[in-house]
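Colleague: I should like to learn how to read this structure. May we take its features one at a time?

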Amino acid sequence: FIGITVRDVKSISKVTEELKKIPEIVECHYATGKYAMFVKIFARDNKHLFNIIVDRMTTIDGIEHTETFQISLDEVFRRQLTVFDVELEIEEIPEEE
């Protein structure tokens with residue numbers, strides 16, 4: 001994921017419209033706190049990721065700063081939540097050897 005800060009909160013709509021034009025961005029989530037939004041990117045390799053960020057994202061008017069968060073490729077566990085008062089089930093993901 002890439003955390004994005006914007007210069008002015010009023011520019012979020014315009015920034016979002018520009019981000020939609022980058023096909024490698026497959027998800028965009030608004031956030032509160034330090035980052036205005038997070039985007040999920042699929043890239044071939046680190047050089048491709050770097051080019052997406054530097055050449056295409058940071059040139060968008062309104063983007064102040066980006067920060068890359070590397071997410072683990074291994075899912076550790078998954079939990080199904082319920083709104084009912086029942087026991088929660090946790091599905092353990094077996095470790096690869």
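Colleague: Which contact is found at the start of helix 2?

Modeller: This is a predicted model. At the start of helix 2, the backbone nitrogen of Lys47 lies within 3.3 Å of a side-chain oxygen of Asp45.

Colleague: Which residues of helix 2 are buried, and why are they on the same side?

Modeller: The buried residues are His48, Leu49, Ile52, Ile53 and Met57. They share one side of helix 2 because they cover an arc of only 135 degrees around the axis. The face turned away from that buried side carries the exposed residues Asn46, Lys47 and Phe50.

Colleague: What covers the buried residues of helix 2?

Modeller: The cover includes helix 1 along with strand 1, strand 2, strand 3 and strand 4.

Colleague: How should one read the largest nonpolar core, and which residues have the most contacts inside it?

Modeller: In soluble globular proteins, nonpolar side chains tend to be buried together. Here the largest nonpolar core has 18 residues, and Ile2, Ile4, Leu19, Val39, Ile41 and Met57 have the most contacts inside it. Strand 1, helix 1, strand 3 and helix 2 each give two or more residues to this core, and helix 2 gives the most, with 4 residues.

Colleague: Which residues does Leu19 touch, leaving aside those up to four places away in sequence?

Modeller: With that exclusion, Leu19 touches Ile4, Ile25, Met37, Val39, Met57, Ile60 and Ile63.

Colleague: Does Ser11 count as buried or exposed?

Modeller: Ser11 lies in the loop between strand 1 and helix 1. Ser11 counts as buried because its relative accessibility is 15%, and buried means under 20%. Not counting residues up to four places away in sequence, Ser11 touches Val6 and Gly62.

How values were computed:
Residues are numbered from 1 along each chain as its sequence is written. This is a predicted model: local features need pLDDT of at least 70, side-chain atom pairs count only at pLDDT 80 or more; totals for chains, interfaces and linings use all residues. Side-chain values use heavy atoms; hydrogens and water are left out. A nonpolar core is a set of buried Ala, Val, Leu, Ile, Met, Phe, Trp, Tyr and Cys residues joined through side-chain atoms within 4.5 Å. Buried means under 20% relative accessible area, exposed over 50%, partly exposed in between (1.4 Å probe, protein chains only). Contact means heavy atoms within 4.5 Å. The arc is that of the directions from the helix axis to the C-beta atoms. A polar contact is a pair of N or O atoms within 3.5 Å; within protein, one must be able to donate a hydrogen and the other to accept it, and residues adjacent in sequence count only if both atoms are side-chain atoms.
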